[in-house]
Amino acid sequence: MGGCYARVVGSVKAAAHRAYEGDEVAMATLAINGGMPVRSTRYPAWPEENDEEYVEAVAEVVRSGEWGGFPEPGRKAGEFEAAFAAYQGARHGILMMNGTVTMEVACKALGIGWGDEVIIPALTFAATAYAPMAAGALPVIVDVTRETWTIDPALVEAAITSRTKAIIPVHLGHQVADMDALTAIATKHGLAIIEDCAHAHGQQWNGKGAGCIGDFGSFSHQSSKILTSGEGGTLLTSDDTLAMAAHSIIDCGRPKDADEKSYTFGANYRLSELNAALLVVAMTRFPAQQAQRALAGKAFEAMAAQIPGIRVMPHDPRVTRWSFYNYILAMDPDAFAGRTNEMVCAAMEAEGIEAEVQYPSMNRYDLFQPSLSRLPVAVEYADRLDPSKMSFPVAEAAGQRESIYFMETTFRDGNQGIQDAAEALAKIQANADELPQL
Ligand SMILES: Cc1ncc(COP(=O)(O)O)c(C=O)c1O
């Protein structure tokens with residue numbers, strides 16, 4: 001791969017040089033300025049389109065007349081729950097509407113609510129903060145580490161109060177949070193852990209599946225995710241009582257115990273059998289897709305690591321099976337003529353490669369509007385939920401200047417797919433002073 005990368009960069013540099021020399025009129029090199037894009041073909045679609053196996057799976061449910069998720073779990077839901085839980089290594093899977101309510105349900109099943117605090121990282125999708133709030137608890141946001149962009153265990157420990165009930169680490173992009181340190185802290189302080197695994201289907205840490213280390217693991221099956229049914233979410237747990245509570249909460253509080261006496265306070269968060277049928281098929285393909293994506297990810301990483309100003313996150317040897325949703329890189333704006341990640345991602349798009357900045361730090365995030373919820377009505381919460389009073393230097397640097405997320409589809413088009421992505425990034429870096437100033 002290294003040789004191939006050198007050839008790629010060499011040809012890019014030569015092309016850039018030719019464009020500016022001789023009597024030829026200087027032309028733009030970067031596609032964002034009208035130059036020739038590195039890639040003109042589409043990456044493979046995700047979710048997989050025009051796929052008869054998926055069509056037939058949904059058709060079968062339509063024909064059966066069993067469309068809904070009641071009685072809970074439905075036939076297809078139960079089949080998927082068992083298969084996915086076994087793959088990750090949990091005793092129970094509980095399928096529901098999405099990977100946001102999963103975390104809300106996890107909080108509720110753990111008895112977390114009004115007056116409680118839940119510690120979450122500053123770099124994540126807004127859902128991680130929404131979920132404890134939906135259960136009535138205060139999300140206490142702490143910064144991530146520069147090396148991993150996952151929650152900083154030292155800051156977690158410093159944020160613990162007598163009201164803290166849980167930690168929600170996020171396995172961001174292709175990373176796994178430091179579950180050893182977090183488990184030690186949780187054990188010491190009697191806290192629950194809900195792993196936000198929306199990005200981490202298939203990951204393993206010390207031989208244990210993501211989502212099977214804490215009390216609950218929460219997964220998303222929304223369209224862009226690597227195990228998808230358009231919408232959907234699964235909670236994993238190996239605790240029989242928690243599993244029963246979660247099943248009950250998503251099924252209007254119906255009892256799930258043998259003598260059907262234990263009601264909970266619940267609502268309808270069931271997923272339809274149409275979605276569940278898609279997941280049953282997706283699960284049969286997932287192990288091979290995950291292994292192939294991991295190989296492509298490693299090859300891409302080797303190429304990307306050679307581009308000046310690109311920081312590849314170190315591989316933690318405790319990640320024993322690697323799987324990822326987005327692959328994340330950090331860029332140094334100084335090596336890109338002072339341009340931001342937003343500008344570089346726009347230039348990548350123009351070169352034909354899907355790349356995104358993704359999440360801003362929680363205090364700069366349009367989707368995080370705690371003042372519009374009812375929680376800050378409590379005077380003691382008002383200040384703690386005011387984004388203007390928050391500061392997360394590492395997450396802010398990531399979101400404002402450094403993060404580049406590569407979509408999973410980049411890794412499903414063989415060598416060409418990843419070479420194009422690396423070539424585009426190298427081309428942009430080499431010609432960064434041509435980029436518009438934002
Ligand atoms: C880190 C993280 N957590 C939670 C979610 C929520 O999942 P869903 O869209 O299924 O509600 C997402 C979705 O993008 C996510 O990225």
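In this predicted model, strand E5 (residues 192–196) lies alongside strand E8, and the two pair in the parallel sense over three bridges. One of the partnerships can be followed residue by residue: Asp196 has Ser218 of E8 as its bridge partner. Strand E8 also pairs with strand E9 (residues 233–237), this time running antiparallel, with four bridges joining the two. Ser218 takes part here as well, since its bridge partner in E9 is Leu235. Ser218 is thus a handy place to begin when tracing these strands by eye, with Asp196 as one partner and Leu235 as another.

How many of the residues of strand E8 (residues 216–220) are buried? The count is five of five, and the strand is mostly covered. Both of its faces share in this: Phe216, Ser218 and Ser220 are buried on one side, while Gly217 and Phe219 are buried on the other. Ser220 appears again at the ligand, where it is among the residues that come nearest.

Turning to the ligand, 14 residues are found around it. Those that come nearest are Gly99, Thr100, Phe125, Ala198 and Ser220. What kinds of residue make up this shell? Nine are polar, four are nonpolar and one is charged.

A second group of strands is worth a look. Three strands form an open sheet in the order E7-E6-E11, and their pairing is antiparallel. The edges of this sheet are strand E7 (208–209) and strand E11 (319–321), each of which pairs on one side only. Strand E6 (residues 204–205) runs antiparallel to E11, and two bridges join them. Within this pairing, Gln204 stands opposite Arg321 of E11.

Stepping back to the whole protein chain, 13 helices and 14 strands are present. The chain has a radius of gyration of 23 Å, close to the 22 Å that the globule rule gives for 438 residues, so it is as compact as a globular protein of that length. Along the principal axes, its C-alpha atoms fill a box of roughly 85 × 55 × 40 Å. Buried residues account for 50% of the 438 residues. How far apart in sequence are the residues that touch one another? Among contacts between residues at least 6 apart in sequence, 70% join residues at least 24 apart.

Key. Residues numbered from 1 in each chain as written. Predicted model: local features only at pLDDT ≥ 70, side-chain atom pairs only at ≥ 80, totals over all residues. Near = placed C-beta within 6 Å. Nonpolar A, V, L, I, M, F, W, Y, C, P; charged D, E, K, R; others polar. Rg over C-alpha atoms; globule rule 2.2 N^0.38 Å. Buried ≥ 20, exposed ≤ 12 C-beta atoms within 10 Å, placed from the backbone. Contact = placed C-beta atoms within 7 Å. Pairing = 2+ DSSP bridges.
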